[in-house]
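Let's take a walk through this one together. Keep the structure open beside you and turn it as we go.

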Amino acid sequence: MSTATLGLAERNSLISESSTMKVAAAADRLRRQGVDVVDFGAGEPDFPTPDNIKQAAIQAIHDNFTKYTPAGGTVDLKEAICERHAKDYGTNYKPNECIVTVGGKHVIFNLMQVLVNPGDEVIIPVPYWVTNKDVVNYAGGKCVFVNTSEEKDFVLSADMIEPNLNERTKVVMINSPSNPSGAVLSKSEFEKIFQLTSKRGIWLMTDECYCRFLYDSEPFSIAATPGAKESVIVAGSLSKTYSMTGWRIGFGLAPAAVIGAIGRLQSHMTSNPTSIAQKAAYEALRGPQESVGVMLAEYARRREYVMARLRAMPGVKAADPKGAFYAYPNISVAFGKNNIHSAMDFSEKLLDQAKVAVVPGEAFGTEEHVRISYATSMEMLTLGLDRIEKFLKELN
Ligand SMILES: Cc1ncc(COP(=O)(O)O)c(C=O)c1O
């Protein structure tokens, strides 16, 4: 068969390469050529996985815990997830309302597959996490983007959501704290959104990936609101909370019927998340929690530094990130100079000329911003911000 007849299925056009992965690959290419790139693209903690978690995985290998587990994760781990969520947020999930997945991305992908029919609408606040748009499209859904305002630090409100709800709306996706903006939805505003969705029979998906990384407020879960369990779905991840990005453990908390559907899908797709990683995750959730606070304190220090530096750069505006570990500055001051007409141009030129990797806002649905991850050392932050400052100064 010629390559022309080896056509790919049409649904491939519904999904594009993750821009964050693309930036990581471009930075990596330069690094392998010996270029000293400062990488602000990576959305992952720079801390090692805590030692007690690593030891649990090593012990799992010694104990020969290296075979298949139930596709949706071990009952022990599901219990630990429910227990941790109950302790942290006051929810009361049972193991049959919990599934363990291959990272948080996996649970969101699977959720869209089991919930969304062709033509169903899914509400996605802008700026959004890159993956959300693609997973909705791939499920045949229609993304309905809801703009937030930079002047209000990209914080979402129920008033922004309400006019977009109709009989085709299936899911409202909320990610607070937000990747990429760091915006945090207050408890009262989140409850208002829950009131809107629950009375209309719309699923409210809360992506709690960064939930423990809040700078001026206390963590909460909308799933703890009375009556929420019927229509709220929690998409969780251990990746950022415990610096476990490579271990690939996420989870879903939802009504048993939804969990059952995901479990069936998963049983034919990935089967279980890695058995060893499940033992590590169990230790992460049941073991000492101090490492989370240590990371948060360090992110807080870096946030202060990064925001002060960005705001001191002439023409750069930077909304206040109240959570996660990203800054999302407006760099449109560079537009019209040095052949830069978009955030994408800016990012390409910054990498090429100043050797700093950032993710262009187009990946997240806005045109004048770039995402800077401050999950990297103070030394790298200083070096990278010096380079960005110099790059901006020299534009003409
Ligand atoms: C908003 C958001 N949700 C979910 C995830 C999923 O993370 P993982 O698949 O590593 O658990 C990420 C990772 O970057 C994220 O930024």
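Start where β11 meets strand β12 (residues 370-373): the two pair in the antiparallel sense, over two bridges. Keep in mind throughout that this is a predicted model. Within that pairing, P360 stands opposite V370 in β12. Now zoom out a little, and you'll see an open sheet of three strands, ordered β9-β12-β11, with antiparallel pairing. Which strands stand at the edges? They are β9 (326-327) and β11 (359-360); each has a single partner strand, so one side of each is left without a neighbour in the sheet.

Next, the ligand. There are 13 residues around it, and G104, N179, D207, S237 and R248 come nearest. Have a look at the side chains that reach it with polar atoms. S237 has a side-chain N or O atom 2.6 Å from an oxygen atom of the ligand. For R248, a polar side-chain atom lies 2.7 Å from a ligand oxygen, and for S239 the distance between a side-chain N or O atom and an oxygen of the ligand is 2.8 Å. How much of the ligand does the protein bury? Taken alone, the ligand exposes 390 Å², and the protein buries 92% of that.

Now swing over to helix α3 (residues 75-89), where you'll find H85. Is H85 buried or exposed? Its relative accessible area is 3%, and the cut-off for buried is under 20%, so H85 counts as buried. The H85 side chain has polar company: it makes a polar contact of 2.8 Å with the side chain of T91, and another polar contact, also listed at 2.8 Å, with the side chain of E208.

Time for the rings. Searching the whole structure turns up 13 aromatic pairs. Take Y128 and F145 among them: their ring centres are 5.1 Å apart and their planes meet at 25°, which is under the 30 degrees needed, so this pair is stacked. Y128 sits in the loop between β3 (121-126) and α5 (130-138), while F145 belongs to strand β4 (residues 142-147), so the pair ties together parts that are 17 residues apart in sequence. As for exposure, Y128 counts as buried at 7% relative accessibility, whereas F145, with a relative accessible area of 37%, is partly exposed.

Another pair to find is F213 with Y299. Their rings are edge-to-face, with 5.3 Å from centre to centre and 85° between the planes. What does this pair tie together? F213 lies in the loop between β6 (203-207) and β7 (232-237), and Y299 lies in helix α10 (residues 290-311), so the contact connects parts that are 86 residues apart in sequence. Both F213 and Y299 are buried. Follow the ring pairs outward and you get a cluster that links F47, Y210, F213, Y299, F325 and Y326.

Rings meet charges here too. The charged end of K229 sits over the ring of Y93, 5.1 Å from the ring's centre. Over at F65, K279 lies over the face of the ring, at 4.5 Å from the ring centre.

Definitions and conventions: Residues numbered from 1 in each chain as written. Predicted model: local features only at pLDDT ≥ 70, side-chain atom pairs only at ≥ 80, totals over all residues. Heavy atoms only, no water. Phe/Tyr/Trp six-rings, centres within 6.5 Å; stacked < 30°, edge-to-face > 60°. Helix = DSSP H or I, 4+ residues; strand = E, 2+ residues; numbered from the N terminus. Buried < 20%, exposed > 50% of the residue type's maximum accessible area, 1.4 Å probe, protein only. Lys NZ or Arg CZ within 6 Å of the ring centre and 35° of its normal. Near = heavy atom within 4 Å. Polar contact = N/O pair within 3.5 Å; in protein donor to acceptor, adjacent residues only side chain to side chain. Areas by Shrake-Rupley, 256 points an atom, 1.4 Å probe, with all protein chains shown as cover. Pairing = 2+ DSSP bridges.
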